[in-house]
Amino acid sequence: PQPDLQRHFERTIERDQRIEPRDWLPEGYRKTMIRMIAQHAHSEIIGMQPEGNWITRAPSLRRKAILLAKVQDEAGHGLYLYSAAETLGADRAELTEKLISGKQKYSSIFNYPTLTFADVGVIGWLVDGAAICNQVPLCRSSYGPYARAMIRICKEESFHQRQGYELLLTMMRGTPRQRDMVQESVDRWWWPSLMMFGPPDAESPHTEQSMAWKIKRHTNDELRQRFVDMTVPQAEMLGVSLPDPDLKWNAKRGHYDFGEIDWSEFKQVVSGNGPCNAQRVAHRRAAHTDGAWVREAAAAYAAKRAGRSAA
Ligand code: ACO
């Protein structure tokens, strides 16, 4: 690149200003941003499945309306994020192709099954809680379209988190069987939620460069710690225990210490061998195939209109 373009890019980052689609940017920055935004978009779209599974079995009209709204929000987030990736020259159809052929990743968390309705509450509380922790700092990410998309997404994520926590508070005031359901669900989701933040800093290949480019504002371990510190008091309020005998307040550090994460499980899930990976991707692939006629009709309509205005 011309040296002045490179300098302009660097100065924009230094001054904490935003990189915009019209700006020159290094190829590595573009690639990193596309990878991250695409993985995030795929996570939102695949993330509709575990909860969508409960829409027809919600225990009341109110719970059904809330859940439906939440799953629709996730579809919206996915579409928004694909649009942000398009500003970097990515092609949406290609991104979808990479998702359904297993070439691009989505968050590990969505490869776990939702076995009871308590899972809807626990996903809201823990999974969306972790997502907020990770995504609020991304509102200050250096890439403008991504950072701006994150503002609305975070607002909606807070609604998701609150509906989950409120659902769990209600269940905890219910029968012993309902309380057991909540505890059993927390026991299954706690460790996978901690894995959402990604590998430990020492084993995270992208963190250093992404921090230097101000794409990421905190490391994976920093955000994981923040999430644990924020969640322990919420668990106490709720009256559930977190399944970690090593979890305890460390006054010297001013943080909660927690046990060792099973990174071999994380690696298995990320490499496609989690409990639901095959099912999630197959479902997305089938939906894409079933929707082919809509895309064809839309393209035919657009071609017809273009022909008319040319005439
Ligand atoms: N699930 C699946 N893959 C993961 C996860 C995870 N929980 N954590 C890390 N990875 C992948 C990375 O994508 C990267 O893969 P790649 O090199 O093949 O592309 C690899 O593991 C190494 O990880 P890092 O070097 O730590 O990667 P990165 O710097 O991108 O950090 C993180 C990962 C924290 C997830 C970051 O990309 C991020 O903040 N993304 C935006 C938020 C997001 O995508 N959230 C999705 C879930 S939340 C939701 O949708 C409700």
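Student: How many Å separate an oxygen atom of the ligand from an N or O atom in the side chain of R35?
Tutor: This is a predicted model. A polar contact needs N or O atoms within 3.5 Å. The side chain of R35 offers such an atom to a ligand oxygen, and the separation is 3.1 Å.

Student: Which residue has a backbone N or O atom 2.8 Å from a nitrogen atom of the ligand?
Tutor: Here the protein partner is a backbone atom, not a side-chain atom. The ligand partner is a nitrogen. The residue is S108.

Student: What is the distance from the side chain of N134 to an oxygen atom of the ligand?
Tutor: An N or O atom of the N134 side chain faces a ligand oxygen. The cut-off for a polar contact is 3.5 Å. The N134 pair lies at 3.0 Å.

Student: How much of the ligand's accessible area does the protein cover?
Tutor: On its own, the ligand has 970 Å² of accessible area. Around the ligand sit 28 residues, with Q39, K105, S204, H206 and K216 the closest. The covered share is 89%.

Student: Why is α7 called oblique to α8?
Tutor: Helix α7 spans residues 144-172 and helix α8 spans residues 176-195. Their axes are 8 Å apart, at an angle of about 140 degrees. Roughly antiparallel would need an angle over 145 degrees. So the term for α7 against α8 is oblique.

Student: Which class of residue is represented by five members in the contact of α7 with α8?
Tutor: Helix α7 brings L168, M171 and M172. Helix α8 brings Q178, R179, M181 and V182. One residue is polar and one is charged; the five are nonpolar.

Student: What term describes α5 relative to α12?
Tutor: Helix α5 covers residues 92-100, and helix α12 covers residues 277-290. The two axes come within 9 Å and cross at roughly 140 degrees. That crossing makes the pair oblique.

Student: How many charged residues are in the contact of α5 with α12?
Tutor: From α5 come T96, L99 and I100. From α12 come V281, R284, R285 and H288. Three are nonpolar and two are polar, while the charged residues number two.

Methods:
Residues numbered from 1 in each chain as written. Predicted model: local features only at pLDDT ≥ 70, side-chain atom pairs only at ≥ 80, totals over all residues. Heavy atoms only, no water. Axes fitted to C-alpha atoms, helices over the stretch in contact; angles between N-to-C directions. Helix = DSSP H or I, 4+ residues; strand = E, 2+ residues; numbered from the N terminus. Parallel < 35°, antiparallel > 145°, perpendicular 65-115°, else oblique. Contact = heavy atoms within 4.5 Å. Nonpolar A, V, L, I, M, F, W, Y, C, P; charged D, E, K, R; others polar. Near = heavy atom within 4 Å. Polar contact = N/O pair within 3.5 Å; in protein donor to acceptor, adjacent residues only side chain to side chain. Areas by Shrake-Rupley, 256 points an atom, 1.4 Å probe, with all protein chains shown as cover.
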